[in-house]
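Got the structure open? Let's walk through it together, one question at a time.

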Amino acid sequence: MQAKGFIKFVALLCFLASVWMLSFTFVTGNIEKNAKIEATDASGVVDEVKEAEILRNKRNEKVWLGYTYKECKDKELSLGLDLKGGMNVMMEISIPEVIKSLANQSIDATFVKAVETAQEKEKSSTSDFLTLFEQSWNEIEPGGRMSRIFAVYGSDRIKAESTNSEVMSILRLKAEEAVAGSFKVLRKRIDRFGVTAPNIQRLGSSNRIFIELPGVKETERVRKLLQGTASLEFWETYENSEIIRYLEQANAEIKAIIDEEKKASGSETVKDSIIAENIVDTALTVATDVTPTDDSAALTALSDSLQISSDSVIMANNPLFAILSPMFSQEGRVMKGPVIGYVSSDNIEKVDKWLSHPRVKNLFPVDFRPMWGIKAVDKGETTYQLFAIKSTADGIPQLDGEQISEAMVTNDPREGYGVSMNMKNEGVDIWARLTAQNIDRCIAIVLDGYVYSAPVVRGEIKGGNSQITGGFTSTEATDLSNVLSCGKMSAPAKIIQEAIVGPSLGQESINAGFLSFILAFILVLVYMWIYYSTAGMTANIALLSNVLLLFGVLTSFGAVLTLPGIAGIVLTMGMAVDANVIIYERIKEELRLGKSLKMAVSEGYKHAMSAILDGQITTFLMAIVLFATSSGPVQGFATTLGIGIITSLVTSIFISRLVVEWMLAREMGLKFGNKFTFRVLEHSSFNFLRLRKKAYVLSIIICLVGVVFMFTKKFSLGVDFAGGRAYVVRFDNEISVEEVRQNIAEMFDASAEVKQYGPANQLRITTKYKIEDKSDEVDREVTEKLYSAVNKSFKNELSYGDFISTQENPYGIISSEKVEATIAYDMQVNSVIAILLTLLIIFLYIAFRFNSWSWGTGAVIAMAHDALLTIALFSVCAGLVPWSMDIDQHFIAAVLTVIGYSINDTVIIFDRIRENKTLYPKRDWQELINDAINSTLMRTINTSGTVLVVLIAIFIFGGETIRGFSFSLTFGILVGVYSTVFIAIPLSYELIMKQEKKKRQQEKDKDKKTEKSLYKK
């Protein structure tokens, strides 16, 4: 083994890096454990508010080698909502509404009909809305000019003479801007919501956005937050000097309120605890860590001018100024501008509470409205500005986003990056008046109640064209431009898919997932040790290294660990053993040939390399396809499986060999089996090809039976594929499924499904009731109907609030899911595409690697055979087994994994056939193939055995969510072994024989032609 020292060095670095990345998870876990203990009262009840307060106070505290708790949380291994509880949603930006807004809500008959037709087509098409809109327009009014509709929008980019092609290009650009703007708005909203480790991603270039919010509790608030239309407003502002005296009065009034509360409670201690150092810390943080601006000098001075004693009595006299640092210049003068103070993110809620108190609020001018800046001003992103907004009598801004026609980024050599915006006709006059009234003052640009920018007005702006500058970076200018552009368009974001998991179900998933992981891990370790003796222990060391590397890589990539992700790790362990099995079986073959142990090890690793790479690459290709065509937890499975394959290769090929050679060098008695296992199937000589025709008949019969089931019994479609709402309801007693089914049918309709889901007191209820209705009220209507239908089945009836709460009560709805029909159709199409794409990619790889389409064809037919039988299994077992066999995202993961494993097994034998043909080119094909299958038979049994042991552990202990998934995989692995030996290889043999026969006939014809030519001569 060459470069042994370098490999050791790299391996050590990788392990240290993994330990380092995982250390953050252990640190945060320990802190959160201590916080829970501290918040637990004498009766054992955890005060969640106190627990959250303890963790919030630790947010900026350095807890691990200079890293704050917040920074450690950002680097820890994140848990998905199926493990932590929480909510995920699929948002869809309404492109039809964007187009209507661009058309200025036109009532033109052709336009209205084209939009309606495109929306109807979209329900059963994979094309985007704009493509369907263009098609519909051309069908309704061939040759009609779109420019007559969109030229009124006011953009100088669409003119009356613009062609339809030019108009569509601009519409696509504007739609893209709307989606990008909405994405940024949603991200800002989520960031300000305070969720730990949220995940938000735009799905490709589509108008859909996937959002995962682990641990979130206020699901209704989240819905309102995410679906609210962006509200862009322009507000006049107060100067800091005009508000400072009111802040002083507010400080005194808050002190009086606190003193009264203490007196009323009879307490001599300060209950509303204010840490004395807060004011100094806030000032110093802002002064030393703030992003450089014109205010930097003043902020530095602030840290000197506000040196308040840490004596608690003095701090109690300044409750507001203890957490809100007012704006003073270096000379002690009040600073100009609308910013009235800086506040740490931990204290924003407290400042809001105090300033909204009726007695405090009455001290300020009637039109005063405090608003927070959207962006933190320090590098640690913990300190925010508070702006003084001057409201109107009716609370409606004089100017809003509807009056903006266009906004774009500019870059002036002197001013730097800025934003240019144009107003519509009505907005031109309002903007001129507003700017004339606020010369040398600021006008705040507000979106969703947060101040994005507050530029100073230098003079009256006429004509509606304005330039906003302020030392922006390119990114900041782009963001502001998107905000202004998004504000002018009505681009509502609607939830089209939703899943909610309660924390109790999440904890159960964690327990089930890790129990299956630990059990499978132990079983694999014991199996390898027993079967391969001391060499098995080196494989176990490689396996332990693999797990450490895998978790380290997942953490460093910021991957989210889900329950299917744990299943992916467990399955990776089973497949990781495969490489060592291939190597060890090859070494045993070399030893049987009489070679020395050292030579056998060298030859074994050398000859096994090709088979290992081919097998793992094909499975990795499958993982890539699954990752690209899925989302949420199933994408987590693809991620862990893909990364696990890479780490398995590294540890099996390099780490295990380092340990083996270390043992060889020290003559430590390295053995690759014992007296019971070393010579198992050594002389096997089964004629597998002789059985191929019987196998063909058997497979055809079984496939036909499966197809009959698929077309007669059909499938049980989950909400992922059928659309609808699904609820998992936990009762406080064992219940009658039939009784609940009758009540549900009366409340909804006969199509609603009720199934037992796990324990006897748990049901999964699915309905399509009003799934096409996109109004905000329908979600509550459905849960109210569900509550009415099942509440009498509880031993102790619940209130509606307890029934729908996933947090406060262990019974009631513990998880829910909603999928609209359009996304369900897309999932069906994507599933078919994923399977076909996987088959095509693997066919091309095999054909290329083995230099013949015959091998690729045999492999693809076998994979299609395995996929068909696995799909048929879902039809056959639906309703017959006590676990879910619904067609959902786990279904496509199961089918693709079966395909990946099947080809992995097939490629190993293909590789041995290729090697045998190279060594014995004159040997008969049938003999070569039978020898290859027999020589790899023990590898096939061992690999399949370890994977099956793992899958059985997942099936029994992995939890209800993935029981159907693990069952189908177990079936698929067995089918895959059968198809490799009796379908893929025999079919390839038939094709090769046909090719050779054809080749011999061509040579024969050529010889005859040559003889005939010679005869004529």
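pLDDT is the predictor's confidence in each residue, from 0 to 100. Keep that in mind, since this is a predicted model.

Q: Over which residues does pLDDT stay under 50?
A: Start with the whole chain: its mean pLDDT is 82, and 89% of its residues reach 70 or more. One stretch falls below that, though, and the model still has 78 contacts for it beyond four places in sequence. The stretch where pLDDT stays under 50 is residues 268-314.

Q: How many helices and strands does the chain have?
A: The chain runs to 1017 residues, and buried ones make up 54% of them. Take the contacts between residues at least 6 apart in sequence: 74% of these join residues at least 24 apart. As for the count, the chain has 33 helices and 23 strands.

Q: Which residues have the most contacts inside the largest nonpolar core?
A: In soluble globular proteins, nonpolar side chains tend to be buried together. Here the largest nonpolar core has 119 residues. Those with the most contacts inside this core are Tyr-584, Ile-846, Leu-896 and Ile-899.

Q: How many residues are in the second, separate core?
A: Among the members of this core are Phe-111, Ala-178, Val-179 and Ile-200. The core is separate, and its size is 42 residues.

Q: What does Ile-846 touch, not counting residues up to four places away in sequence?
A: Ile-846 is one of the residues with the most contacts inside the largest nonpolar core. Setting aside residues up to four places away, its partners are Thr-618, Asn-851, Ser-852, Trp-855, Gly-856, Ile-903, Val-907 and Phe-910.

Q: Is Ser-988 buried or exposed?
A: Ser-988 sits in helix α33, residues 963-1016. Leaving aside neighbours within four places in sequence, Ser-988 is in contact with Ser-854, Trp-855, Gly-858, Ala-859 and Phe-910. Its relative accessible area is 0%, so Ser-988 is buried.

Q: How far apart are the C-alpha atoms of Gly-812 and Gln-762?
A: Gly-812 lies in strand β23, residues 812-819, and counts as buried because its relative accessibility is 0%. Beyond four places in sequence, Gly-812 touches Val-728, Val-729, Arg-730, Phe-794, Leu-798 and Phe-803. Gln-762 is 50 residues away along the chain, and the C-alpha separation of this pair is 9.4 Å.

Q: Which residues lie nearest the centre of the second largest cavity?
A: There are eight cavities of 30 Å³ or more, and the second largest holds about 120 Å³ of space. Helices α20, α21 and α30 each supply at least two residues of its lining. By class, that lining has four nonpolar, three polar and seven charged residues. Of the 14 lining residues, those nearest the centre are Ile-582, Arg-586, Ile-908, Arg-912 and Thr-936.

Q: Is Ser-533 buried or exposed?
A: Ser-533 is placed in helix α19, residues 503-556. Its phi is near 55 degrees, a positive value in a residue other than glycine. Buried means under 20% relative accessible area. Ser-533 comes in at 18%, so the word for Ser-533 is buried.

Q: What is the phi of Lys-714 near?
A: Find Lys-714 in the loop between α23 (692-712) and α24 (719-722). This residue is other than glycine, yet its phi is positive. The value is near 65 degrees.

Note on methods: Residues numbered from 1 in each chain as written. Predicted model: local features only at pLDDT ≥ 70, side-chain atom pairs only at ≥ 80, totals over all residues. Heavy atoms only, no water. Contact = heavy atoms within 4.5 Å. 1 Å grid on protein atoms, 1.4 Å probe; cavity = no way out; pocket = protein on both sides within 12 Å on 5 of 7 lines; lining within 4 Å. Points joined across faces, edges and corners; volume = space filled by probe spheres on them. Helix = DSSP H or I, 4+ residues; strand = E, 2+ residues; numbered from the N terminus. Nonpolar A, V, L, I, M, F, W, Y, C, P; charged D, E, K, R; others polar. Core = buried A, V, L, I, M, F, W, Y, C linked by side-chain atoms within 4.5 Å. Buried < 20%, exposed > 50% of the residue type's maximum accessible area, 1.4 Å probe, protein only.
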